[in-house]
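Reader: I would like to look closely at one part of this model, and then to have its surroundings described in a single connected account. Please keep the wording careful.

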Amino acid sequence: MKIFPAIDLKDNKCVRLTKGSEGSSKVFNTNPLEQAKFFEDQGCSRLHLVDLDSAFGRLNINNNTIEKIRKSISIPIQIGGGIRSKEIAKNYFNLGADYLIIGSFAIARPDDVKKLAKKFNNKIYVALDVLNNKIMIKGWVEESNLDTSGVLNIYDSSCVRGYVLTDIDKDGMLSGLNYKLILQNLSITNKRLIVGGGLKDHSDLKKISRITNNRLEGVIAGKSFYVGNIDLKKAQQILDKNA
């Protein structure tokens with residue numbers, strides 16, 4: 001299991017939101033390239049990047065920054081946020097994404113996303129953005145008619161690499177990961193799972209490190225890092241059970 005530090009891009013700056021609300025945006029670094037290089041220097045094995053402008057329907061604002069980040073670091077980058085067509089997905093791959101996280105499009109057009117996952121085998125994750133047991137879409141502002149098990153039933157037999165599970169109610173709240181939700185979904189999928197939403201501190205990581213299911217691929221560190229609760233090197237040592 002790996003720690004995946006997050007850069008959420010809004011107007012080409014690193015920001016954090018609370019519960020995904022656009023109005024809660026707070027700038028943590030005006031230089032996302034500098035931030036990405038720092039994460040690589042800390043030994044992180046992958047960068048989690050969210051294009052918030054795209055998620056809220058403003059396409060291509062952060063393209064140049066994403067391309068510059070890709071050229072400035074060598075570790076893999078996974079990108080999510082507003083990937084609602086095959087064309088947008090291909091654009092992110094052209095910008096240098098190693099993996100994509102697809103939410104609304106995966107709910108609305110599963111056949112298209114399955115074809116995309118077949119073309120980009122082992123490169124596509126489906127977002128499981130959960131609020132009140134329902135999958136949220138369109139920048140987390142609209143409720144779909146599916147829960148996580150319904151999405152897993154659609155994609156477990158496809159070529160997607162796995163899922164990114166976020167408890168929206170905990171996102172940005174520093175209140176601790178939702179272990180019940182994590183364990184529940186690990187038990188009903190044969191795919192990899194990355195988890196986020198609510199990571200608090202090192203004690204939270206010690207708790208999740210006790211989960212022995214090897215399909216748990218990574219934990220996303222967002223606000224917990226930016227407010228100083230998480231030291232990334234220490235975090236990885238904990239997940240490696242060396243601390």
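Between which two elements is the loop in which Asn-60 lies?

Author: The model is a predicted one, and every value below should be read with that in mind. Asn-60 lies in the loop that runs between α2 (52–55) and α3 (63–72). Its backbone deserves a comment, since phi of Asn-60 is near 70°, a positive value in a residue other than glycine. A positive phi is also found at Lys-138, where the angle is near 55° and the residue is again other than glycine. Lys-138 has its place in the loop between β8 (134–137) and β9 (142–143), and it counts as partly exposed because its relative accessibility is 43%.

From these loops we may turn to helix α7, which covers residues 148–155 and contains Thr-148. Thr-148 has a relative accessible area of 7%, under the 20% limit, and so it is buried. Once its neighbours within four places in sequence are left aside, Thr-148 is in contact with Leu-128, Val-130, Ile-135, Leu-165, Gln-184 and Asn-185. Ser-149 lies in helix α7 as well, but with a relative accessibility of 29% it counts as partly exposed. The C-alpha atoms of Ser-149 and Ile-135 are separated by 10.0 Å, the two residues being 14 apart along the chain.

Leu-165, one of the contacts of Thr-148, leads on to the enclosed spaces of the model, for it is also among the residues that line the second largest cavity. The structure holds 2 cavities of 30 Å³ or more, and the largest has a volume of about 640 Å³. Of the 41 residues that line this largest cavity, His-48, Val-50, Asp-129, Trp-140 and Thr-166 are the closest to its centre. By class, its lining divides into 19 nonpolar, 15 polar and 7 charged residues. The second largest cavity contains about 40 Å³ of space, and its lining also includes Asp-167, Leu-177, Asn-178 and Val-195. The elements that give two or more residues to this lining are β10 (162–167), α8 (179–186) and β11 (192–196). Here the classes are 5 nonpolar, 3 polar and 1 charged.

The aromatic side chains complete the account. There are 8 aromatic pairs in the model. In one of them, the rings of Phe-38 and Phe-225 have centres 5.9 Å apart and planes at 35°, so this pair is tilted. Because Phe-38 lies in helix α1 (residues 32–41) and Phe-225 in helix α10 (residues 223–226), the pair ties together parts that are 187 residues apart in sequence. Phe-38 is partly exposed, at a relative accessible area of 34%, whereas Phe-225, at 15%, is buried. In another pair, the rings of Phe-93 and Phe-120 have centres 4.2 Å apart and planes at 20°, and so the pair is stacked. Phe-93 belongs to helix α4 (residues 86–95) and Phe-120 to the loop between α6 (110–119) and β7 (124–131), so that this pair ties together parts 27 residues apart in sequence. Both Phe-93 and Phe-120 are buried. Phe-38 and Phe-225 also belong to one aromatic cluster, which they form with Phe-28, Phe-39 and Tyr-226. Finally, a charge meets a ring at Tyr-99, where the charged end of Lys-123 sits over the ring, 5.2 Å from its centre.

Methods: Residues numbered from 1 in each chain as written. Predicted model: local features only at pLDDT ≥ 70, side-chain atom pairs only at ≥ 80, totals over all residues. Heavy atoms only, no water. 1 Å grid on protein atoms, 1.4 Å probe; cavity = no way out; pocket = protein on both sides within 12 Å on 5 of 7 lines; lining within 4 Å. Points joined across faces, edges and corners; volume = space filled by probe spheres on them. Nonpolar A, V, L, I, M, F, W, Y, C, P; charged D, E, K, R; others polar. Helix = DSSP H or I, 4+ residues; strand = E, 2+ residues; numbered from the N terminus. Buried < 20%, exposed > 50% of the residue type's maximum accessible area, 1.4 Å probe, protein only. Contact = heavy atoms within 4.5 Å. Phe/Tyr/Trp six-rings, centres within 6.5 Å; stacked < 30°, edge-to-face > 60°. Lys NZ or Arg CZ within 6 Å of the ring centre and 35° of its normal.
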